[in-house]
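Reader: I've got a new model up on my screen and some time before my gel finishes. Could we go through it bit by bit?

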Amino acid sequence: MSSRETILARVRAATRDAAGTPEPAVPRDYLRVHGDRSPAESVDLLAENLADYRALVHRTDTGGLPGLLARLFAERGTRTLLVPDGLPPAWTAAVDADRVPDRAASTARELDAVDSVLTGCALAVAETGTLVLDAGPGQGRRRITLIPDHHVCVVRVPEQVVDSLPQAMERLDPARPLTWISGPSATSDIELDRVEGVHGPRTLEVVLATV
Amino acid sequence: MTGAREGERARAPRTFLGMPRTRPAAFPQAAVAATEDATLRGNLTHATHTIRGKRAAAVAELPDWDRLRAAGAAIKDDTLRHLDRYLEQLEAAVTAAGGHVHWAVDAAEANAIVTRLVRETGADEVVKVKSMATQEIGLNEALAEAGIRAYETDLAELIVQLGDDLPSHILVPAIHKNRGEIRDIFRDRMADWGRPAPAGLGDRPAELAEAARLHLREKFLGAKVAVSGANFMVAESGTMVVLESEGNGRMCLTLPETLISVVGIEKVVPTWRDLEVFLQLLPRSSTAERMNPYTSTWSGPAEDDGPRDFHLVLLDNGRTDTLSDQVGRQALRCIRCSACLNVCPVYERAGGHAYGSAYPGPIGAILTPQLRGTASALDASLPYASTLCGACYEVCPVAIDIPEVLVHLRTRVAEGGTYTVRGTKAVIKPAKGHAAERAAMRAARWTMDRPRAYGAALRATTGTRRLHPRRLPGPGKAWSATRDLPPVPQEPFRAWWRRTRGAGS
Ligand code: SF4
């Protein structure tokens, strides 16, 4: 018998006592959303929770976006900027930094030399202060938001904001590789105290752009 | 590749299994040693008390916590009830997504599979994301014997590995070390494993984190193979889910060419939607956060993004035996949040090492004797490493009635009975007069003789009971049980204690 068959046979033997007993339903009476918010209030909550986990939050509108991004990268001293395919060119029109494309052939060491990365996202979850990237247009490969030390993520509000995790799961496609980001890289491994900044980007800036 | 110098032998790490350097002491001896260590006790008290308060606050933010908890328990029970079906579904989905699925009945087989897979890549080192399953099977030691070096990349695991130590907590394996001790370990040992610690390293947590960042960066950027576990596997979509904080997980999951995930068979959940429950329960119970900094999900290798080869090793290693026990099987709901450790008065005083396995604290006291059996003195003593105060049950996000299982396992040790070993029914004799019983007695005495621990535990639960959900039905004797369970059963243990105290030990 293969190990696969052995394990499956053991499982069947172990659960034999379930046969003929009624199938209990999973209770789904937990809340779909915690609170009743207008779209604007959801965006406010997102901003609050992002900031609570030490992300730097900025707000603007479509017109102000290029100027704001140019200022953020200038203040950071960004000389090289990773830009994934599908990012609206207008976003970076005013940025004064060398563009580095997201290429399969790039090595991790090459990416380690890049100063900053700019992406969009698939959605953001207000109640937890979470950004979700699904490698779609304007988001790039998973590693580009990991290796550079500075990540700027643009969220189109309110359309990309959901309130809760149950709402997020409905919108996300499990077939895509997903990265959920809630604040910059952190650890609680030393005396269970939270310290920001371990392996991922130590600075996370989130731009909430009204469109 | 970095790190492995010509002719250098991979060093065998310490392990709970295989060939430990010293025979593991039964719980009471190890616990006594720990309670006499004032630094250790201070470190543990500080850390567990910090996280307790934060967890309570994070949980209180969700008015539907008790309903989420009930849903989490029910989803896990449904998973266990139909585990064969969900495993086959998972296998089909992972395979369809381009991954490879392997099955391992025990630790030896899992280690052999991983060793072979690493060898096939030609690599002689791997980077690892913290994984309970690989600790349980002693993977690092098995790889070392095959000449493959495994680098732990979680900060706490790194501290443990550099310090030639053993993990003592599920979430924070180095919880028994304070910042000064960690600084010393980094300063003295980092150079042996790669990039040395920065000169003049201080003991501020931020400095220590920075030292780890620099040390591990080299390993990540050059790694060809990674080994991970997973928090959840989604049967319908073949999706693997890893929650983490530091980004070491993302490094391991996206930079190497080959990714090998070793995961216990009970980690499957039926549907994608089920994650909406567990992604609310786990971070708040574990690190007391609304959401942990990073969560990665993937379904097979992604095109042109991350590892080209993905292998999933499904591990039994005693889980099907546990599943056949009608009372004990609820331990398989565990999502390894570690909340039960943080509230346990016995864990706080004894420390994690006393439990002698990768799973310390209350969950270890019920899981280890089921995964490994109760033949050894250590494993027979574990069900006695508790005051049955019930605090563990109250915080458990999947409502595992740990006291109920403890009492059940005590009965098994004291009175014998029928249970399943490697898929076959076996009858065990009562431990009466054996080393196992003496160890159990000493463990019982150790906890009973600590009135402060006992009293504190009782106060801890009675003081907060109002805030906690009503007891949930256990998966219990029948799969469809809907009755309330009896209150935390203290009496049987006390009766047993009075009857046997002074006899045989
Ligand atoms: S038994 Fe419950 S509280 Fe303890 S680690 Fe497992 S899920 Fe968490």
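Reader: Where does Gln280(B) lie, and is Gln280(B) buried or exposed?
Author: Gln280(B) is part of helix α12 (residues 275-286) of chain B; helices (H or I, at least four residues) and strands (E, at least two) are DSSP runs, numbered from the N terminus. Buried means under 20% relative accessible area, exposed over 50%, and partly exposed in between (1.4 Å probe, protein chains only). Gln280(B) has 5% relative accessibility, so the verdict is buried.

Reader: Before we go on, which pLDDT do side-chain atom pairs need to count?
Author: Residues are numbered from 1 along each chain as its sequence is written, with chains lettered from A and ligands numbered from 1 in the order in which they are written. Side-chain values use heavy atoms and leave out hydrogens and water, and since this is a predicted model, totals for chains, interfaces and linings use all residues, local features need pLDDT of at least 70, and side-chain atom pairs need pLDDT 80 or more.

Reader: Which residues is Gln280(B) in contact with, leaving aside neighbours within four places in sequence?
Author: Contact means heavy atoms within 4.5 Å. On the chain A side, Gln280(B) meets His34(A), Leu165(A) and Pro166(A); from chain B come Leu62(B), Trp65(B) and Leu68(B).

Reader: And Arg194(A), in strand β11 (residues 193-196) of chain A: which chain B residues does Arg194(A) touch?
Author: At 24% relative accessibility, Arg194(A) counts as partly exposed. Leaving out residues up to four places away in sequence, its contacts include Tyr53(A), Ser182(A) and Pro184(A). From chain B, Arg194(A) touches Glu289(B) and Pro293(B).

Reader: How many residues of helix α8 (residues 155-162) of chain B are buried, and which element of chain A helps cover them?
Author: The count is 8 of the 8, so α8(B) is largely enclosed by the rest of the structure. Among the buried ones are Glu157(B) and Gln161(B). The cover includes α6 (132-136), α7 (139-145), β3 (149-152), α9 (179-193) and α10 (205-222) of chain B, together with, from chain A, β10 (186-190).

Reader: Which residues have the most contacts inside the largest nonpolar core?
Author: A nonpolar core is a set of buried Ala, Val, Leu, Ile, Met, Phe, Trp, Tyr and Cys residues joined through side-chain atoms within 4.5 Å. The largest one here has 154 residues, and its largest share, 7 residues, comes from helix α19 (residues 402-415) of chain B. The residues with the most contacts inside this core are Phe27(B), Phe186(B) and Leu312(B).

Reader: How do α16(B) and α19(B) sit relative to each other?
Author: Helix α16 (residues 361-372) of chain B packs on α19(B) at about 40°, with axes 10 Å apart; axes are lines fitted to C-alpha atoms, for helices over the stretch in contact, and angles run from 0 to 180 degrees between N-to-C directions. Under 35 degrees counts as roughly parallel, over 145 as roughly antiparallel, 65 to 115 as roughly perpendicular and the rest as oblique. The two helices are therefore oblique.

Reader: Leu388(B) lies in the loop between α17 (377-381) and α18 (391-395) of chain B, so how far apart in space are Leu388(B) and Ile402(B), C-alpha to C-alpha?
Author: Leu388(B) counts as buried, at 1% relative accessibility. Ile402(B) belongs to the part of α19(B) that meets α16(B). Leu388(B) and Ile402(B) are 14 residues apart in sequence, and their C-alpha distance is 8.4 Å.
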